[in-house]
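Visitor: I am new to this structure and would like a friendly tour. Could you show it to me and take a few questions?

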Amino acid sequence: MKLIATLRENNIEGVNIKESYVREYATSAAAHILGYTGAMSDSDYAKYKDQGYSADAAVGKDGAEYAFEKYLHGTNGTVRTTSASDGTVISKEYIEEPEPGNNVYLTIDIALQEAAELALENGVASIQAKIDSKKEQQIASGTYKEKQDVIDGASVVVVNVKTGEPLAIANWPTYDPSELLEKYNELLADKNAPLYNRALQGGYAPGSTFKPCTAIASLTEGIINTGTTIQCTGRYTRYEQYGFAPLCWIYTQNNQKLTHGYLNVTGAIQNSCNIFFYSAGHDLGIDKLDKYAAEFGLGESTGIELPESTGNMANAKNHEELTGEPWTIGQTMQAAIGQSDSLFTPLQLAEYCAAVANGGERHSASILKSVRSYSYGDNVYEREDEVLSKVETAQYNWDAVHEGMRLVGKSSLPSYSITSVAAKTGTAQKGDSIANDGIFICYAPFDDPEIAMAIVVQKGGAGANCSVIAQEILEAYFSLK
């Protein structure tokens with residue numbers, strides 16, 4: 001400011017002082033978290049004018065830039081200008097220095113964020129290659145049925161189990177935040193929508209990743225206990241006379257009509273048996289299932305400061321509003337295995353997984369860790385852990401569900417040996433002409449959980465395919481640690 005004042009006061013010939021604005025990001029990652037800034041619109045000015053903003057101020061437009069504008073925005077300085085009668089500026093004196101904005105710290109671990117974005121990019125390429133290879137084999141054998149099977153979006157969210165803090169929120173495709181303005185029209189026109197924050201605003205059927213919720217609800221309400229066994233016959237025949245006989249996934253594999261036999265809840269989670277959860281969900285009922293889903297945060301606000309979708313947990317009321325059709329017991333059974341009208345965000349699924357990991361305690365997903373003054377001398381804000389809800393049930397019920405997920409983790413991540421992992425795969429059906437979405441949730445270490453994550457790959461085929469992404473992120477997290 002002293003240099004600027006000296007130049008202006010001396011009216012040095014050939015030197016012209018202009019105001020400009022620069023925003024620099026020290027990473028090419030976290031575009032959907034950081035957001036961007038820009039000149040105020042009329043609506044922005046109406047909002048900020050009473051807060052002392054000048055009409056030409058730059059303000060946050062999206063992401064953290066927008067959410068934490070009140071902390072990030074500095075205070076303008078004051079200049080006394082002396083002018084001649086003809087308007088010529090004789091002198092300028094800086095009588096009040098401008099004050100920079102505060103320093104905002106997020107819960108995001110930038111090294112893990114960068115690793116997650118790379119894992120997502122690598123994983124999408126790997127899964128697409130697997131899908132293409134299978135497609136070629138089916139074409140050669142004459143068994144291929146035409147469908148939309150090109151991956152067009154993916155996301156992953158990693159959270160701290162003990163606090164709910166998001167450590168990484170990644171989307172694919174993404175963009176470099178420093179190039180947003182110059183490439184905005186190009187990004188806007190991209191058919192895969194790289195500007196779209198799928199992790200916070202995308203709604204996805206959870207598929208079988210919902211089954212731990214159904215299990216805990218059924219165990220807690222006494223519909224089943226940890227020793228209850230249900231026979232998987234491949235077909236649920238209770239309403240067969242009405243033309244309704246939903247199948248277990250294993251029954252349709254290679255047209256072999258296989259079954260799981262008798263399973264308890266641990267085995268049902270391990271094998272993802274639809275028949276077990278059709279039966280449990282049928283007896284539990286949709287109202288009680290909704291209650292537990294809400295306690296797990298599914299279809300509820302997560303507490304994050306960024307724009308998010310709250311999703312939708314299937315229930316009778318909104319089903320009739322959405323479809324105009326009455327709710328049926330068949331819809332209850334579909335909801336119990338993560339289908340029907342249920343749509344959740346990857347962030348909700350990650351926080352749900354964290355709640356399962358720590359015995360039902362669901363924490364806020366706030367990403368604001370702390371705020372310090374621009375001089376670093378004063379602590380303006382410090383994050384406090386906030387418990388949003390708690391699923392209460394006996395420890396032996398948690399043990400049964402955790403063991404089932406441990407067995408899934410062991411089979412879905414056979415080459416991962418850094419620590420034990422609990423997991424659940426999910427495959428969300430979207431119709432015969434569109435490839436299934438792949439969903440994967442996990443937490444680690446199994447004995448003392450630190451992180452939980454949720455991965456969604458649109459048209460990824462199956463939840464098990466997403467394990468390559470999970471493994472790369474787990475390796476990155478424990479290596480960084």
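The questions and answers below walk through a few places in this predicted model.

Visitor: How much space lies in the largest pocket?
Guide: Let's begin with the open space in this predicted model. The volume of the largest pocket comes to about 2,100 Å³.

Visitor: Which residues lie nearest the centre of that largest pocket?
Guide: The lining is made up of 50 residues. By class, 26 of them are polar, 14 nonpolar and ten charged. Nearest the centre are Lys-134, Gln-253, Thr-427, Asn-436 and Gly-461.

Visitor: Which element gives the most to the lining of the largest pocket?
Guide: Several elements give two or more residues to the lining of the largest pocket: α6, α10, α11, α16 and β14. The one that gives the most, with five residues, is α6.

Visitor: Is Gln-113 buried or exposed?
Guide: Gln-113 sits in helix α6, which covers residues 110-141. A residue counts as buried under 20% relative accessible area. The value for Gln-113 is 0%, so Gln-113 is buried.

Visitor: What does the side chain of Gln-113 reach at 2.8 Å?
Guide: Residues further along the sequence than four places that touch Gln-113 include Ala-29, Ile-33, Ala-168 and Ile-169. With one of these, Ile-169, there is a side-chain to backbone approach at 2.8 Å. What the Gln-113 side chain reaches there is the backbone nitrogen of Ile-169.

Visitor: Why is helix α9 largely enclosed by the rest of the structure?
Guide: Helix α9 spans residues 211-220. Its buried residues include Lys-211, Cys-213, Ile-216 and Leu-219. The helix is largely enclosed because the buried residues number nine of the ten.

Visitor: Which residue follows α9 with a positive phi?
Guide: Just past this helix there is a phi near 75°, on the positive side. The residue with that phi is Gly-222.

Visitor: Is Ser-370 buried or exposed?
Guide: Ser-370 belongs to strand β11, residues 368-372. Beyond its neighbours within four places in sequence, Ser-370 is in contact with Asn-103, Val-104, Tyr-105, Tyr-381 and Glu-382. Its relative accessible area is 10%, so Ser-370 is buried.

Visitor: At the start of helix α13, which backbone nitrogen does a side-chain oxygen of Asn-315 come within 3.1 Å of?
Guide: Helix α13 runs over residues 316-323, and Gly-324, with a positive phi near 75°, follows it. At the start of the helix, the Asn-315 oxygen reaches to within 3.1 Å of the backbone nitrogen of Lys-317.

Notes
Residues numbered from 1 in each chain as written. Predicted model: local features only at pLDDT ≥ 70, side-chain atom pairs only at ≥ 80, totals over all residues. Heavy atoms only, no water. Polar contact = N/O pair within 3.5 Å; in protein donor to acceptor, adjacent residues only side chain to side chain. Helix = DSSP H or I, 4+ residues; strand = E, 2+ residues; numbered from the N terminus. Buried < 20%, exposed > 50% of the residue type's maximum accessible area, 1.4 Å probe, protein only. Contact = heavy atoms within 4.5 Å. 1 Å grid on protein atoms, 1.4 Å probe; cavity = no way out; pocket = protein on both sides within 12 Å on 5 of 7 lines; lining within 4 Å. Points joined across faces, edges and corners; volume = space filled by probe spheres on them. Nonpolar A, V, L, I, M, F, W, Y, C, P; charged D, E, K, R; others polar.
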